[in-house]
Amino acid sequence: MSPKIIAFYLPQFHTIKENDEWWGKGFTEWTNVRKAKPLFKGHDQPRIPADLGYYDLRDPEIRERQAQLAREAGVTAFCYWHYWLGNGKRLLESIFDEVLASGKPDFPFCLGWANHSWYAKGWSLTDEDRILIEQTYPGKEDARQHFELLLKAFRDPRYLKIDGKPFLFLHIINQVPQDYITWFKEWTKEAGFPGLFLAGNASPRQSKEELKARGIDAVAHDKVYNHRGYTTRSKTKWQIRKERIVRHLRKTFLGIPKFALDYEKCYPSFVEKEDYDEFYIPELIPQWDNSPRFGLNTKSLFYNSSPDGFYRHARQLLDIVRQKPENRQIVILKSWNEWGEGNYMEPDQKFGKGYIMALRKAIEDTK
C-alpha cells in the first residue's frame, strides 16, 4: 500500500459576508492572487491558474474536477480547513457542508480545525495587527456543540480513519484547552468508534512525551515557518553569520527579500531525523510564496521551485515514510490550493499539471 497523503484544502474561494465587510464586496483569495507583482528579477509572480481558472468553490463541478486531479496525483484525502470560533460561530463553512450533505465528490476527506483568530494582516497586503474575529473556547457546552458537528462528518463513509479512528487535525495544538481534547476523545468512543486519532501542528520545543500525555496521537512540524530554525541546527556560528550577510547583500543589490530562500537548496532539509519516528507526520511542500498577501512585507518565500525539485523532495520523504508501520505511513501535503501563499498543487500556466505528475511519479518510484 502507498502512504496516506493528506492534502490541506482551503475553502476560501467564494464570497462571504464577513470578507465583504472587512475587505470590500467580492473579496476572495483570488483578489490578492490577481494583484500579485514580482518583487525581484525572476520572481515567479503573479501565479495564474490553468485548467480550473479563477474558480468559485460553490460550483460542484469544480470540486469534482479537483477530486479527479487529486486522484491523478495520488492524494489519499483532502483535509478541509474547518473554522469553529466558539459559541457556534463558523466561517467558510458552506463548501464543506455541501460536500457532506451531497455525498459529492466521492473522495475521502477529513477535517482540520483551523483554531486561530483572524487578523487583518492575515488576509490582505496590509500589515495591520488588528483582530477581525477571535478564536474562543467557552467551555463544555461549546465543545459538545462543536463535537456534534464533527460527528456528522466522522460518520460519513468517506471520512478518513486510522485503525477505525476518525483523523482530526488541530492547526495549533497548544492553544486547545486540555478539557476539549479529553472530551472529544471520550465522546468519539461513546459514539461507537474505537477512538479519535488526534494530530496537529506542534512546536519543535514540545516533547513527544508531553504531547502524548495530552492525548495527541501524532504531530507535524511546520517546515515552512520553522525552516530557518531547522537549517541552522547543524551549522557553525560563522556559517550562519555568512548566510545573513549574503541575504542582506542580496536584498540591497537585487531586491530579493532577506527571507527568500532557494527551494533547490532548501528542500533536502525539509526532511529531518524526527520524520523517521512514527509519532511524527512529515510534510510535503511543493512550493511556497505568500507575497501575494504581504508584498514586500513577506517573511517567508521560496523561489526557484519546480516540479522536478518537488519530485526529488517527495522521493526522499516517501522513502522514509515507507519504513514505518503501515498505520503510521501518513504524510501531510501542504497544500492543495493555497494560491495566496503560492502553496498549491493545482495546474497553473507555468507548469500545467507538473506538480500533480511529479507526486504521482514519486509515489510510483518508491513502491
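Helices (H or I, at least four residues) and strands (E, at least two) are DSSP runs, numbered from the N terminus. This is a predicted model: local features need pLDDT of at least 70, side-chain atom pairs count only at pLDDT 80 or more, and totals for chains, interfaces and linings use all residues. Residues are numbered from 1 along each chain as its sequence is written, and side-chain values use heavy atoms, with hydrogens and water left out.

**Figure 1. The whole chain has 13 helices and 16 strands.** The C-alpha atoms fill a box of roughly 60 × 50 × 35 Å along the principal axes. The radius of gyration, taken over C-alpha atoms, is compared with a globule rule of 2.2 Å times the number of residues to the power 0.38. For 367 residues a compact globule would have a value near 21 Å; the protein has 20 Å, which agrees. Contact means heavy atoms within 4.5 Å. Among contacts between residues at least 6 apart in sequence, 76% join residues at least 24 apart.

**Figure 2. The protein exposes about 16000 Å².** Accessible areas come from the Shrake-Rupley method with a 1.4 Å probe; for residues, only the protein chains shown count as cover. Carbon and sulfur atoms supply 50% of the exposed area. Buried means under 20% relative accessible area, exposed over 50%, and partly exposed in between (1.4 Å probe, protein chains only). Of the 367 residues, 57% count as buried.

**Figure 3. The largest nonpolar core has 109 residues.** A nonpolar core is a set of buried Ala, Val, Leu, Ile, Met, Phe, Trp, Tyr and Cys residues joined through side-chain atoms within 4.5 Å. F167, F184, W336 and L359 have the most contacts inside the largest core. Strand β2 (residues 77–86) gives this core its largest share, eight residues. Another core, of six residues, lies apart from it; F40, I256, L301 and Y303 are among its members. In soluble globular proteins, nonpolar side chains tend to be buried together.

**Figure 4. F167 is shown with its contacts.** Neighbours within four places in sequence are left aside. The partners of F167 are then I6, C110, L111, Y159, L160, K161, I162, F197, A199 and I281.

**Figure 5. K353 sits in the loop between β16 (343–344) and α13 (354–365).** K353 is partly exposed because its relative accessible area is 30%. Beyond its neighbours within four places in sequence, K353 touches D51, L69, E72 and P347, all by the contact criterion. E18 is 335 residues away from K353 in sequence and 33 Å away in space, C-alpha to C-alpha.

**Figure 6. Two cis peptide bonds precede P46 and P105.** The bond joining Q45 and P46 has an omega of about 0°. P46 belongs to the loop between α2 (29–35) and α3 (60–73). From K104 to P105, omega is near -5°. P105 belongs to the loop between α4 (94–102) and β4 (109–113). Most residues other than glycine have a negative phi, and most peptide bonds are trans.

**Figure 7. N87 and D163 have positive phi.** Neither N87 nor D163 is a glycine. For N87, phi is about 55°. N87 lies in the loop between β2 and β3 (89–91). N87 counts as exposed because its relative accessible area is 59%. For D163, phi is about 55°. D163 lies in the loop between β7 (161–162) and β8 (165–170). At 54% relative accessibility, D163 is exposed.
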